[in-house]
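Open your viewer and get ready to click along. This tour moves from one selection to the next and says what to look for at each stop.

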Amino acid sequence: MMQTTTLLFLGFIVVQRLSELVIAKINTARLLERGAYEVGRGHYPVMVAMHAAWLGCLLIFGYDQHMNFAWLSVFVGLQLFRLWILGTLGARWTTRIIILDAPLVQHGPFRYLKHPNYVLVVAELMVAPMVLGLVWIAALFTVLNAAMLWVRIGVEGKALVPLRRG
């Protein structure tokens, strides 16, 4: 039988990810209207599939697990970090690599980290499964995400070179 806390945790993740896709779609459209352009479109479906598989694994293998509240407290801390990132980027936050001919964001968490959103995602893909004791999911998707980020950060870095020089 599913634990109520587990149901709430998994429900939160599902609602959060779906709402982020809506926000990203709106922000992407607005950025493109302002003259921005997308890079890395080819790897985007692979990234979405990887995140969907991660979520699917959490739902399939985690629905009947007991929650580890120590790991849950780490997850809550990550959500505060997420809010800081989203608040800092505002309408510039999206799940795609959208290049806008404007100065890069240099405040908030970007003052301390080059890629705070990627740091957050790396941590979340590991911590959320650990909340449910699913070590193998944490390990598997940490490796898959590392490969994805190697591609993604490379593409993004090349696209941002002109903005870093200016």
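Buried here means under 20% relative accessible area, exposed means over 50%, and partly exposed lies in between, using a 1.4 Å probe and protein chains only. Try it on W84: at 40% relative accessibility, W84 counts as partly exposed. This is a predicted model, in which local features need pLDDT of at least 70 and side-chain atom pairs count only at pLDDT 80 or more, while totals for chains, interfaces and linings use all residues. Residues are numbered from 1 along each chain as its sequence is written, and side-chain values use heavy atoms, with hydrogens and water left out.

**Stop 1: the whole chain**

Show the cartoon first. The protein has five helices and two strands; these are DSSP runs numbered from the N terminus, with helices (H or I) of at least four residues and strands (E) of at least two. Trace the chain from its start and you will meet the pattern α-β-α-α-β-α-α. The C-alpha trace spans about 55 × 30 × 25 Å along its principal axes.

The radius of gyration is 17 Å, which agrees with the value near 15 Å for a compact globule of 166 residues. That radius is taken over C-alpha atoms, and the globule rule is 2.2 Å times the number of residues to the power 0.38. Of the 166 residues, 44% count as buried.

**Stop 2: aromatic rings**

A pair of aromatic rings is described by the distance of the centres and the angle of the planes. Here, rings of Phe, Tyr and Trp (its six-membered ring) pair if their centres lie within 6.5 Å; planes under 30 degrees apart count as stacked, over 60 as edge-to-face and the rest as tilted. How many aromatic pairs does this rule give? The count comes to five.

Select F9 and F75. Their ring centres are 5.0 Å apart and their planes stand at 75 degrees, so this pair is edge-to-face. F9 belongs to helix 1 (residues 4-33) and F75 to helix 3 (residues 69-89), so the contact ties together parts that are 66 residues apart in sequence. Both F9 and F75 are buried. Add F12 to the selection, and you have one aromatic cluster of F9, F12 and F75.

Now select F81 and W84, a tilted pair with 6.2 Å from centre to centre and 55 degrees between the planes. Both lie in helix 3, three residues apart, which is about one turn of the helix. Is F81 buried or exposed? F81 has 16% relative accessibility, so this residue counts as buried.

**Stop 3: salt bridges**

Side chains of opposite charge can pair when their charged atoms come close. In this tour, a salt bridge is a side-chain nitrogen of Lys or Arg within 4 Å of a carboxyl oxygen of Asp or Glu. A search of the whole structure finds five of them.

Select R82 and E20, whose closest N and O atoms are 2.5 Å apart. The pair links distant parts of the chain, with R82 in helix 3 and E20 in helix 1, 62 residues apart. R82 is buried at a relative accessible area of 6%, and E20 is buried at 9%. Add R17 and E124 to see R17, E20, R82 and E124 linked in a network of salt bridges.

Next, go to E38, which is buried with a relative accessible area of 16%. E38 meets R96 in a salt bridge of 2.8 Å, N to O. This link also joins distant parts of the chain: E38 is in strand 1 (residues 37-39), and R96 is in the loop between helix 3 and strand 2 (97-99), 58 residues apart. E38 forms a salt bridge with R41 as well, the closest N and O atoms being 3.2 Å apart. R41 counts as exposed at 55% relative accessibility, whereas R96 counts as partly exposed at 28%.

Keep R96 selected and add Y44. R96 lies over the face of Y44, at 3.8 Å from the ring centre. The rule for a charge over a ring asks for NZ of Lys or CZ of Arg within 6 Å of the ring centre and within 35 degrees of the ring normal.

**Stop 4: a nonpolar patch**

Finally, switch to a surface view and select L59, I60, F61, W136, L140 and L144. Together they form a nonpolar patch with about 550 Å² of accessible area. Patches are made of residues with over 30% relative accessible area and no salt bridge; like charges are joined within 9 Å, and nonpolar side chains (Val, Leu, Ile, Met, Phe, Trp, Tyr) within 5 Å. The areas come from the Shrake-Rupley method with a 1.4 Å probe, and for residues only the protein chains shown count as cover.

Helix 2 (44-62) and helix 5 (135-165) each supply at least two residues of the patch. End on L144, which lies in helix 5 and counts as partly exposed at 38% relative accessibility.
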